[in-house]
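Grab your viewer and work through these exercises one at a time. Each comes with a solution to check yourself against.

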Amino acid sequence: MRTEHPSPRYSAIDRWGPADILDAMIEGQFAAVAAVHAARLALERAALAIEARLRGGGRLVYAGAGTSGRLAVQDGAELMPTFGWPSKRLVLLMAGGPDALLGAVEGAEDAADAAAALVRRHRIGDTDVLIAVAASGTTPFTLACLREAGGRGALTIGIANNLDTPILGEAEHPIWLDTGAEPIAGSTRMKAGTAQRVALTMLSSLVMIRLGHVYEGLMVDVQASNKKLVRRSETILAQLTGHRSDQVREALIEAKGSVKHALLLLEGSGLDEAQAALLQSGGDLRAAKGLIEARRNQKKRA
């Protein structure tokens, strides 16, 4: 269990000067990113498999305990405001429940039976994807979630920082992040945690891009839940269409806040036409624009 081993490199860290301690920890963060880079092919394969499953209407499920669980929950929660991922298609399985997000819950990570029961309660099955995250690769709660979900037909992704562990061995798509020993032995909130955070961000962002939630490098499914995000929606539309602020605001009001619908309105579509094109294209704005253009060209030829 390399993430638990004390390292001779850091054995005197408590006697070092502050600058040397910071340099050592920064060195560890670079090593974490390097570990994710080494796993990029596994991340790509996992993302493509996730995309295929989610296109069928399935849910994205995250499972974890402790630091790994908090990182997994954070990544899942951010998909809703950033990419407009529907809450009904997101399941967050955290050992110990909401209380464990802010503190340790005794025995939570060992609760394998409770984990399996959670998977059954949420009826996770063959249309869904479960991403299990554990630095050790052996956490009973997380492993039980993966096993139960896999047994029910869900696509399983395992992310761990130790090789030859059950989570990597039993996941359909294992992602090994080789971060090794920590500057503070066993404190996997450091290198291992950073690598998990980066890997999760890359994995989910790639999936969201592939599913059409990004257009021209912009978050066209952003959920304008506050004033800052309303302004961001307006800025995105102004940048993509070149229209004035007042025109952009009117289109957003008519589109009930949807950047994609508003963009199609600003480009000359009616609301019904925009809705139909986006529905037919599965929400892919580029494909929707192509459908609208093809219909217009067909009408011209007729």
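**Exercise 1. Find the bridge partner of Val-129 in β4, then work outwards to the whole sheet.**

Step 1. Start with the pair itself: Val-129 is bridged to Leu-155 in β4. Keep in mind that you're looking at a predicted model.

Step 2. Widen the view to the two strands. β3 covers residues 129–134 and β4 covers residues 155–160; they run parallel, with six bridges joining them.

Step 3. Now add the rest. The open sheet has five strands, ordered β2-β1-β3-β4-β5, and the pairing is parallel.

Step 4. Check the ends of that order. β2 (90–94) and β5 (173–176) each have a single partner strand, so one side of each has no neighbour in the sheet. As for twist, neighbouring strands are turned by 15° against each other on average, ignoring direction.

Step 5. Finally, see what lies on the sheet. Helix α2 (residues 40–54) lies across β1 (60–64), β3, β4 and β5. Against β5, α2 runs at about 145°.

**Exercise 2. Is Glu-170 buried, partly exposed or exposed, and which residues does Glu-170 touch beyond its sequence neighbours?**

Step 1. Locate the residue: Glu-170 belongs to helix α6 (residues 166–170).

Step 2. Classify it. The relative accessibility of Glu-170 is 38%, and the partly exposed class sits between 20% and 50%, so Glu-170 is partly exposed.

Step 3. List the contacts. Skipping neighbours within four places in sequence, Glu-170 contacts Leu-143, Leu-146, Arg-147 and Thr-156.

Step 4. Pick out the polar one: the side chains of Glu-170 and Arg-147 are joined by a polar contact of 2.7 Å.

Step 5. For a distance check, try Ser-205, 35 residues away along the chain from Glu-170; their C-alpha atoms are 24 Å apart.

**Exercise 3. Where do Arg-123 and Asp-164 lie, given that each has a positive phi?**

Step 1. Take Arg-123. It isn't a glycine, yet its phi is positive, about 55°. Arg-123 sits in the loop between α4 (112–121) and β3.

Step 2. Repeat for Asp-164, another non-glycine with a positive phi of about 55°. The loop here is the one between β4 and α6.

Step 3. Apply the exposure cut-off, which is over 50%. Arg-123 has 69% relative accessibility, so it's exposed. Asp-164 has a relative accessible area of 74%, so it's exposed too.

**Exercise 4. Describe how α8 and α9 pack against each other.**

Step 1. Decide what to report: for two packed helices, that's the angle and the distance between their axes.

Step 2. Read them off. The axes of α8 (residues 227–241) and α9 (residues 245–254) come within 9 Å and cross at roughly 115°. The crossing is right-handed.

Step 3. Name the contact residues. α8 brings Ser-233, Glu-234, Leu-237 and Ala-238, while α9 brings Val-248, Arg-249 and Leu-252. Sorted by class, that makes four nonpolar, one polar and two charged residues.

**Exercise 5. How many residues of α10 are buried, and what covers them?**

Step 1. Count. In α10 (residues 259–266), eight of the eight residues are buried, so the helix is largely enclosed by the rest of the structure. Lys-260 and His-261 are among them.

Step 2. Look at the cover, which includes α8, α9, α11 (271–280) and α12 (285–301).

Step 3. Follow the chain onwards: Gly-268 comes after α10, with a positive phi near 105°.

Terms used:
Residues numbered from 1 in each chain as written. Predicted model: local features only at pLDDT ≥ 70, side-chain atom pairs only at ≥ 80, totals over all residues. Heavy atoms only, no water. Axes fitted to C-alpha atoms, helices over the stretch in contact; angles between N-to-C directions. Helix = DSSP H or I, 4+ residues; strand = E, 2+ residues; numbered from the N terminus. Left-handed = near helix turned anticlockwise from the far one by under 90°. Contact = heavy atoms within 4.5 Å. Nonpolar A, V, L, I, M, F, W, Y, C, P; charged D, E, K, R; others polar. Pairing = 2+ DSSP bridges. Buried < 20%, exposed > 50% of the residue type's maximum accessible area, 1.4 Å probe, protein only. Polar contact = N/O pair within 3.5 Å; in protein donor to acceptor, adjacent residues only side chain to side chain.
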